[in-house]
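Please open the model in a viewer and keep the selection tool at hand. The tour below proceeds from one chain to its parts, and then to the contacts between chains.

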Protein chains: 4
Amino acid sequence: MDAQTVRVGILGASGYTGGELLRLLLRHPRVRVTLLTADRNAGKPIDSVFPHLGGYGLPLLTSIDKADWSEVDLVFCGLPHGTTQEIIAALPTHLKVVDLSADFRLADLETYATWYGHAHRAPALQREAIYGLTEFARPAIGNARLVANPGCYPTSAQLALIPLVEAAMIDADDIIIDAKSGVSGAGRAAKEGSLYTEVTEGINVYGIASHRHAPEIEQGLTAAAGRPIVVNFTPHLMPMSRGILSSIYVRMVGGATVDDVRQVLAKRFADEPFVRVLSNGAAPATRHVRGSNLCLMSVHADRLSGRAIVVSVIDNLVKGASGQAVQNMNVMCGFPEPLGLEQIALFP
Amino acid sequence: MDAQTVRVGILGASGYTGGELLRLLLRHPRVRVTLLTADRNAGKPIDSVFPHLGGYGLPLLTSIDKADWSEVDLVFCGLPHGTTQEIIAALPTHLKVVDLSADFRLADLETYATWYGHAHRAPALQREAIYGLTEFARPAIGNARLVANPGCYPTSAQLALIPLVEAAMIDADDIIIDAKSGVSGAGRAAKEGSLYTEVTEGINVYGIASHRHAPEIEQGLTAAAGRPIVVNFTPHLMPMSRGILSSIYVRMVGGATVDDVRQVLAKRFADEPFVRVLSNGAAPATRHVRGSNLCLMSVHADRLSGRAIVVSVIDNLVKGASGQAVQNMNVMCGFPEPLGLEQIALFP
Amino acid sequence: MDAQTVRVGILGASGYTGGELLRLLLRHPRVRVTLLTADRNAGKPIDSVFPHLGGYGLPLLTSIDKADWSEVDLVFCGLPHGTTQEIIAALPTHLKVVDLSADFRLADLETYATWYGHAHRAPALQREAIYGLTEFARPAIGNARLVANPGCYPTSAQLALIPLVEAAMIDADDIIIDAKSGVSGAGRAAKEGSLYTEVTEGINVYGIASHRHAPEIEQGLTAAAGRPIVVNFTPHLMPMSRGILSSIYVRMVGGATVDDVRQVLAKRFADEPFVRVLSNGAAPATRHVRGSNLCLMSVHADRLSGRAIVVSVIDNLVKGASGQAVQNMNVMCGFPEPLGLEQIALFP
Amino acid sequence: MDAQTVRVGILGASGYTGGELLRLLLRHPRVRVTLLTADRNAGKPIDSVFPHLGGYGLPLLTSIDKADWSEVDLVFCGLPHGTTQEIIAALPTHLKVVDLSADFRLADLETYATWYGHAHRAPALQREAIYGLTEFARPAIGNARLVANPGCYPTSAQLALIPLVEAAMIDADDIIIDAKSGVSGAGRAAKEGSLYTEVTEGINVYGIASHRHAPEIEQGLTAAAGRPIVVNFTPHLMPMSRGILSSIYVRMVGGATVDDVRQVLAKRFADEPFVRVLSNGAAPATRHVRGSNLCLMSVHADRLSGRAIVVSVIDNLVKGASGQAVQNMNVMCGFPEPLGLEQIALFP
């Protein structure tokens, strides 16, 4: 890899995480995009799938088996889970990889098999992969060849909870995560449940006690607690394209106060470029991070004594996917971490 | 009151609850609307404030002090809280009243003063008023002159929680109500926070531990438990005009199972025309009650052992306001309870 | 058919026009729904595809080849165009049919072949079918066995234009119809272009000079003018579930004024239950007809002298589809025309 | 003004154009923001009105009469029209000014008085002001002290129409502009008509033949034609925060074809960084310019022979307001024109 720029490929460029990667990478001063794959649209220009990305001189879409890997230093992989593991296993080993699928997020082979319904097909890689919650794994990410980019819900939840579990300020066995997500989290596949008419002007709960992001959150909290943790994770689908707001209900222990909880988070993230803990009284909204890589958090007293409420918001396509992927790329390549990620939220 | 029809007045006809009352009452076979007040728009036709209500022969808007009460048997009062209590106190006593404001919902004078910042100005009426959660107060409503129509959030939460607290199946000191509401709950007043541009494509939490619907919910649960109950009530504002979805997190006690919880609710509401408990596996969405007076509920196992999740949805303008008000009117007038309330949800 | 009630079947009950038919028919005092077909979902209850329609005692979904036609007097056909013509041709002849597809709307065989790319497969039926723009074809509809229910755009455009062309008040060769539609017009099929994320917060033009509703509008205006008419018809897709607003730009001829144009429309529709011409100065909005069978119109002066602007709004799923279909059923069955169609718009 | 950076003030920083200016200017490499005024919020930090703009080290909001003008080289003025003219007239003359209000857009004193209902209060400045449609006035803007930033609708319409009128390819007396706008065009003032509940899921026409952007468009076309031009301009309000799509219906003259029209536009804008003419068959959508300074255009054949349809889309807050204002600042300061304006559209 040349010291100045990195040549990047995107596998699965026609999905939303692919499009969002391009929005970010086209303005990244140290990146040149040299490969875009999209099997069903191979041979077409990018503006046939993303009109807003026309006019920037991007390469044609190609099929993955026609890719010229000699032109690529690092790939972002935005393919469906399940298929990703074999594709990544077959890539030339000179490539660094940031995988945005779920395939390498769970480190435990059995947990993976339980939640995904089959044995992992690239167990060696699974062991090698680094879970890329950037703020908590920089050194390992810096040395990694394969980074498993975290899920959107797990990013919003873990950023808030890991410091509190590590500090043993909350009862790790009584964590309730009520999360509200925009629709882009379901991807660009044409599904009845993602139709405008099915989503607008309403809200519904889904995947109760069975969403695959639960074990991912539990993996992070288990590591933080040093013992197995299970959580309530209840996702809701609501009419917005981007954004996740997690309302997290915790019971404080060991005499911790709401101010203590806020302090611990504020201290933990004081030097972080992308995490901000709001001052007492303020509460974040997803619209204030739309299009940006920020995570905003707040901490509130509960009417139930001894309890606190932690609110955490991100843009699921940026900090919850493509933005964090670029952040991880920056760490892997030794670039300044905020490079190419300084967009201010688009509001209104 | 003539045995066949009731002559109805609406105070505050230009607000959303007023408009929704008209949508329902214009198709109610036993109602004639004889009075509409709207002080700022007095003298104008209703279609100047609600174009969709033109053409139905409604009376002109008038100011409240010009109302001819001899033409009215029952009034719905959709005025701002705080001002309502004195207006109702001054009404002729032949009028039955369904008040949609918050003024008469809290029975305890001190609790009222604490949450609303001033002593109640009609304490005798406050004592007389019946809290109109129809499914739990029919006999009293049938004899009432003044019914305090419940708030939207409290309706969705109490319908689900009162039977469980009464059955002592859940720990009444560990109830978390994460509620998501549409924008019409904020009324039709022109406020920056309710602008399209401020609300669309986002979600935010508000009124944490300080929303005035918390003591209203607690009042109902306190009565059910026979001892003072405090709850977590955390409302969120999201982009939909109508609808509330409450995700309620409870801890089961006394050996109760998730199936037991579902059974108790199913049994309690088996004969109710407007409450439906979904079967195991199904979960409700606000869009499935849009425009209807239904409350849909479901019960789910939690990953945290011993815990259950209860989901309850209503249309905040119908079962959460004007629909329940008409339901109460039906009870007060001895009409069949579902009369005029049989609209099927509008979807998509 | 019994004098009191009609037994109705719906072919294609799992689509949006099917669901909307059910919303209306379940509250129609002279209808009993005895058959629902949905091939892919045969054997399931209706609430598996439309949760809001559960609890009303509807029959199970069945496949069309298992239908018991002896239980049915009249069918609504909400199947995809192209396949519909052969299905209807094979139905028992005792059935009256209201077809909501496009298959029988164009009376001219050649025009059909040109726009749909194949010869019609039931040409005899095509000749027999009555184009069901109710306000302009009552007697024929009353005697029809097969009614071709008009398209949504053509309903909104023709209601406004036919009287003006008939009165020879406008230049029929200079008509521009700029129409804006909600997403339900595209049906419930899972298509990328109908995803929430692709539609929300934007607008785009489509089908310019090539939309199949153009020849349908032209057919009506050609009949009104007595000579071949071609129009500009430019549809736009925008983020709303229901509604069409057509802004129609016309050049007045023969000395007609804007007031004359408004008068002609007002007179033409004075006795119509479902068409209202607004008075000078008012302009309609789609949200004021949401869920209702109304068409609202207004007429405005243009800054270009000699020109006028006619605005026409409907709910595409009601007056533009299922509502008009029920209206046609009422005419076919000799019921009062507004029966079951008196819903007031749902606003907000 | 120092050769490297310009010190910028924003008058009216708490409105949407103010917030959008900050989003752009905070990432502009040659700008330092030194003054923010907001009379009602004087003394507060910017994040009290725009939470997403906290954390970037911006100055406190101040009242305009406390501004220290010695710290400012150039001001953007985002104040309500009518009040702006006197405020700008009173500014120190060393300041360059880009005015985003309507106060200096109409060059003719009488036209201004007719449409705004009063004589202009700064007629000398009105004469001096340069109308800042950047692509058509660069040299004058480069020398201007006061630039009147064009309105949002006029930007989208004039970019498409001026070249065609100049080329005498279209009948300038038969231009119909059907425009659809997002809600942010109405500003951040709390008005009933801008409430979420009043706007979502609907569309309405407004200001027919009476919108103040009509004379602004006519002014540009009059100059292009060399004789007085009047146009049809019909704006619509629809549920999106940002974006304008103008569907423009024109009659070709002098033997021009649709391809000729497309060619003339393509040639005219070939070297422009912010205007793109799509190739035959493609049509733009507002969502493909959201957050970007681009104007996308397309040209289509009409079914009416001799007619063409031109579609033009912009983000009303960027190219239609704050983005074009920064573009004009770049020209006024001798900076490369695209500086700070290279954001790629945010989609989805």
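Select chain A, whose secondary structure comes to ten helices and 14 strands; helices (H or I, at least four residues) and strands (E, at least two) are DSSP runs, numbered from the N terminus. The radius of gyration of chain A is 20 Å, close to the 20 Å that the globule rule gives for 348 residues, so chain A is as compact as a globular protein of that length. That radius is taken over C-alpha atoms, and the globule rule is 2.2 Å times the number of residues to the power 0.38.

The model is predicted: local features need pLDDT of at least 70 and side-chain atom pairs count only at pLDDT 80 or more, whereas totals for chains, interfaces and linings use all residues. Residues are numbered from 1 along each chain as its sequence is written, while chains are lettered from A and ligands numbered from 1 in the order in which they are written.

Turn chain A along its principal axes: its C-alpha atoms fill a box of roughly 60 × 45 × 40 Å. Of its 348 residues, 60% count as buried. A residue is buried if 20 or more other C-beta atoms lie within 10 Å of its own, exposed if 12 or fewer, and partly exposed in between, with C-beta atoms placed from the backbone. Among contacts in chain A between residues at least 6 apart in sequence, 70% join residues at least 24 apart; a contact requires C-beta atoms, placed from the backbone, within 7 Å.

**The two domains of chain A**

Next, colour residues 6-150 + 319-333 of chain A as domain 1 and residues 153-315 as domain 2; these bounds come from an automatic or database domain assignment. The centres of the two domains, taken over C-alpha atoms, are separated by 25 Å. Where they meet, 17 residues of domain 1 of chain A are in contact with 23 residues of domain 2 of chain A. On the domain 1 side, α3 (109-116), α5 (134-143) and α10 (318-333) of chain A each supply at least two residues. The largest share of that side, five residues, comes from α10(A).

**A single residue**

Now select E272(A), in the loop between α9 (258-268) and β12 (275-277) of chain A. Is E272(A) buried or exposed? E272(A) is partly exposed, with 15 other C-beta atoms within 10 Å. Add E135(A) to the selection: the C-alpha atoms of E272(A) and E135(A) are separated by 7.5 Å, although these residues are 137 apart along the chain.

**Chain A against chain B**

Show chain B beside chain A; their contact takes 39 residues from each of the two chains. Among the elements that give two or more residues to the side of chain A are β10 (232-237), β11 (244-251) and β14 (307-314) of chain A. By class, that side divides into 21 nonpolar, ten polar and eight charged residues. Here Ala, Val, Leu, Ile, Met, Phe, Trp, Tyr, Cys and Pro count as nonpolar, Asp, Glu, Lys and Arg as charged, and the others, Gly among them, as polar.

**Chain D against chain C**

Finally, select chains C and D. A turn of 180° and a shift of 0.0 Å along the axis lay chain D on chain C with an RMSD of 0.0 Å, by least squares on the C-alpha atoms of residues with pLDDT of at least 70 in both. That is the relation of a two-fold axis. In chain D, the C-alpha nearest the axis belongs to P239(D), 3.3 Å from it. The same surface serves both copies, as 100% of the contact residues of chain D recur in chain C.
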